[in-house]
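I opened this notebook to record what I looked up in one structure. The entries go from the whole chain to single pairs of residues.

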Amino acid sequence: GLPFLIFCILRHHIRRGTLHSTSAMYQWSFLHAAYEADYKYWEIMLILRRLSIALITTAIEEPMLQAAITIILLTALLAAHSFARPYISLHVDALDFLSLCC
């Protein structure tokens, strides 16, 4: 789906060394410009995070199980974000961290 397509586009430009070219930046910078160099693929994590939460809320009918799985998922995502701190801006890192907490 969409995360795989984003991965392929970014990987293609990284391998060719054209990720920071004018045309690639014009087309694809919204996918990677806010992230540090080691985390250019973090946008895929955000899409998968949203998709996972949507799947949990629609596929599981039992409210307690829904809540338990969501808490486990958000805890894992919070740990991953705390470890990675993928954004260039510390303020954006803090905002995304807080969004996972609430």
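**Entry 1: the whole protein.** I began with contacts along the chain. Among contacts between residues at least 6 apart in sequence, I found that 48% join residues at least 24 apart. I note here that the model is a predicted one.

I next looked up the elements. The protein has five helices and zero strands, and from the N terminus on I read the order as α-α-α-α-α.

For the extent of the protein, I recorded that the C-alpha trace spans about 50 × 30 × 20 Å along its principal axes. I then turned to the surface: about 7000 Å² is exposed, and carbon and sulfur atoms supply 69% of it. Of the 102 residues in the protein, 28% are buried.

**Entry 2: helices α3 and α4.** I asked at what angle helix α3 and helix α4 pack. Helix α3 covers residues 42-59 and helix α4 covers residues 63-84; the angle is about 170 degrees, and the axes are 10 Å apart. An angle over 145 degrees counts as roughly antiparallel, and I therefore entered α3 and α4 as roughly antiparallel to each other.

I then listed the residues that make this contact. From α3 they are W42, M45, R49, S52, I53, I56 and T57. From α4 they are Q66, I69, T70, L73, L74, L77, A80, H81 and A84. Sorted by class, the contact has ten nonpolar, five polar and one charged residues.

**Entry 3: aromatic pairs.** I looked for aromatic pairs and counted three. One of them joins F7 and Y41, with 5.1 Å centre to centre and 40 degrees between the planes, and I recorded this pair as tilted.

Which parts of the chain does this pair tie together? F7 lies in helix α1 (residues 2-16), whereas Y41 lies in the loop between α2 (22-32) and α3, so the pair links parts that are 34 residues apart in sequence. I checked the accessibility of both residues. F7 counts as partly exposed at 29% relative accessibility, and Y41 is also partly exposed, with a relative accessible area of 28%.

A further pair is formed by Y39 and W42. Their rings lie 5.9 Å apart centre to centre, with 90 degrees between the planes, and I entered the pair as edge-to-face.

Is W42 buried or exposed? At 10% relative accessibility W42 counts as buried, because the cut-off for buried is under 20%. Its partner Y39 has a relative accessible area of 22% and is partly exposed. I add that W42 is also among the residues of α3 in contact with α4.

Notes: Residues numbered from 1 in each chain as written. Predicted model: local features only at pLDDT ≥ 70, side-chain atom pairs only at ≥ 80, totals over all residues. Heavy atoms only, no water. Axes fitted to C-alpha atoms, helices over the stretch in contact; angles between N-to-C directions. Helix = DSSP H or I, 4+ residues; strand = E, 2+ residues; numbered from the N terminus. Parallel < 35°, antiparallel > 145°, perpendicular 65-115°, else oblique. Contact = heavy atoms within 4.5 Å. Nonpolar A, V, L, I, M, F, W, Y, C, P; charged D, E, K, R; others polar. Buried < 20%, exposed > 50% of the residue type's maximum accessible area, 1.4 Å probe, protein only. Areas by Shrake-Rupley, 256 points an atom, 1.4 Å probe, with all protein chains shown as cover. Phe/Tyr/Trp six-rings, centres within 6.5 Å; stacked < 30°, edge-to-face > 60°.
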